[in-house]
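Trainee: Could you take me through one part of this model in some detail? I'd like a close look at where the two chains meet, and then whatever else you find worth a look.

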Amino acid sequence: MNFKYHFKKGGFLVLPSAAFFLCLSLLPLAMLVAFSFIKGNLGSDGSIAAWTVDNFVRMFSSWTFSKLMLKSVGIGLLVTLICIILAYPAAWGVAKIFKAKNRNTMVMLAIVPFFTSQLLLIYAMMLILQSGGLLMTLLGNLGLADSSGSILYSTPAVVIVLVYEYLPYMILSLYSSLESVEDNLIYASHTLGAGRFKTFINVVLPVSFPGLLSGIMLVLIPSVGSFVEPGLVGGSDGMMVGSLINSQFSTVLDMGYGSALSFVFLIILSLIMFIIRTLTNRANKSIGGIA
Amino acid sequence: MKKVKKYGALFLAFVMAAVSLSACGSSNKESTTAATSAATTAAASETTAADTSADPSEAVEDFSGQTLVVANWKGYGSDAEYGAKAFEEKYGCKVEHQYFTSLEEMITMLKQGGQGKIDVVLPNSTYVKVMTDQDLLEPIDTSKLSTFADLREDLRDFSDSVIDGQYYAIPWTWGTTSLGYNPEAFSEPITSWSALWDSANKGKVGMFDEFDSAILTAGIYTGQEDLWNPNLDEIKTALLELKANTRTFWASYDDFLKPYMSGEITLGNMWAGTASQLLSSGEPVEYIYPEEGTIAWCDFWGIAKDAPNYDLALKWIEFMTDDEFQYAFATDENAHNPVNTAVEASLTDDQKKILWMYPEGPSKIYMQKYMPEETRSQWLELWNEVKAN
């Protein structure tokens, strides 16, 4: 009886967001899955040539997709790892070390890259990294490297640019959960004899897991699917799986194959996220955190 | 405060109503003045047309009252002063433009109500067959085109535009995707595509990230008999070797300019327009046509099926390919290659240099043509495999 009453009272208010979610999330997803079974492209009048599983057969008949997927996931994981290592100290600093009145300014500074378009960020990085640019001239003057060469147009360059672009996401996610670490908990842990490292592992880390997980999701998924960065700074060996999918939609107009690639990409990434989440939950339990 | 708000809102509403009414009013005025000016120019041109026509024995026909509908890219010559306006004055008609932003859009425009309304269209060499296959073009009565004999033969007789001896498309302007290099980085001028594969140039090549020009270039280099039906294994080996020499792929002008300026790439394939842009940015560049051959594209004028003004459309095509227009087109700030051989010969050395036609243009061109969807997918797959390797 109670349940029915609550539903009647406010249930219909959910409808707008539910409709939004349905039309903008679930329907397109369903269309993507449906399109992965069509042959070729939709006709200009919306007609479908044929239904087929050929797209999936084609995907795995050559090693291109699998190789690229592996490479992209590898790059994505590397980028995420570097972001985590760099973001933890930064987020901790903003959350705990800086005085409360400076905290907002610090958060603003971390968000500044968001005010600029993604392309501009990449070009700015290219200017710094290119031959004869800031970095190379410095290294040349220090005698560490030849200033006419550069690290651009290679996979390390892609990693650097991706880290630069996605670090703010990680910092903000970690900051939001590190902020909730009570100072008393840390004092208590010190009082009970735990050193700084042990405090970090057993007190801070478990509390920050939710932020860590959302940070990983915000960094890993776009990095794996990125195609603008490898296109601009990846060089001849830098191609990632995003470029493959993009070329199906923009160059050849083969919607069926492109959707099939996207669908499998979606499945693989969901699996990876599931694995990461399970691992962090396990780690959480073993350290003794709040499950 | 309430009163201020009330009167403020009323005032705003009044201003908005006044503005929208005045807009209606002025557009009416505009159309009436346009009509009267058209009538006067038509009347004026009737008398002057007879005087200014080049051949006094052939009076310029009067097409007053007719409107020619032209489908083209925006800002691409036909809507220039020396284009549509000059044509309107010559024939006493009106010219209306319908712009498209992609060739697919051009075809959609025709199929969704454009047929029977649009007179002339501008397909690219890769789309002529697409249009003829879908019966979207009328055969062109070339006996009525006085400029027909002046056209470059290799462009005029393009395989896709001639079906059973009937011409369905007339060339208008063309360009090439050829080899550009930094003359300061090389002691000797480059003359062959093999420079891209030369191990001395390892890590110095910038390749255009477009699968068809990449495969066609590799086809020219490996000497394939039929560029559009090449031995894909040979192509793949050649492309993999080329990739080892390539520093980066470029997709837009800026992608090429950056590493070129810093000296990281010294040669690559590019459009003539890219080379011109590099020059105007102050970078030294030589754009050459390798001895093995060059890939070319061409824009063609075609008369749409069921065109309402067929004769006027023929006059348009003649106008677009005659000496006056082609010369203006070749010498304006965005120089375009003329298809009219008389105009080509009349250009000064400096003008030819701007068009990269000095001392002469390419000797052997391979015109990009229609490719069926399966071939396109196959080639893209090959290119992706090469890039992913």
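Mentor: Between the chains, the contact draws 23 residues from chain A and 22 residues from chain B; keep in mind that this is a predicted model. On the side of chain A that touches chain B, helix 4 (64–97), helix 11 (228–233) and helix 12 (241–250) of chain A each chip in at least two residues. Helix 4 of chain A has the largest share there, with three residues. Sorted by class, that side of chain A holds 14 polar, seven nonpolar and two charged residues.

Now look inside chain A, at helix 10 (residues 196–225) and helix 13 (residues 255–287). Their axes are 10 Å apart and they pack at an angle of about 170°, which makes helix 10 of chain A roughly antiparallel to helix 13 of chain A. Among the residues that meet are Phe209(A), Leu212(A) and Ile216(A) from helix 10 of chain A, and Leu269(A), Met273(A) and Arg277(A) from helix 13 of chain A. By class, this helix contact counts 15 nonpolar, four polar and one charged residues.

Over in chain B, the domain assignment gives domain 1 (63–168 + 298–354) and domain 2 (176–293 + 365–388). The C-alpha centres of these two domains of chain B are 30 Å apart. Where they touch, 11 residues of domain 1 of chain B contact six residues of domain 2 of chain B. Helix 4 (residues 128–133) of chain B gives the most to the domain 1 side, with three residues. That domain 1 side comprises five nonpolar, three polar and three charged residues.

Terms used
Residues numbered from 1 in each chain as written. Chains lettered and ligands numbered in written order. Predicted model: local features only at pLDDT ≥ 70, side-chain atom pairs only at ≥ 80, totals over all residues. Domains from an automatic or database assignment. Contact = placed C-beta atoms within 7 Å. Helix = DSSP H or I, 4+ residues; strand = E, 2+ residues; numbered from the N terminus. Nonpolar A, V, L, I, M, F, W, Y, C, P; charged D, E, K, R; others polar. Axes fitted to C-alpha atoms, helices over the stretch in contact; angles between N-to-C directions. Parallel < 35°, antiparallel > 145°, perpendicular 65-115°, else oblique.
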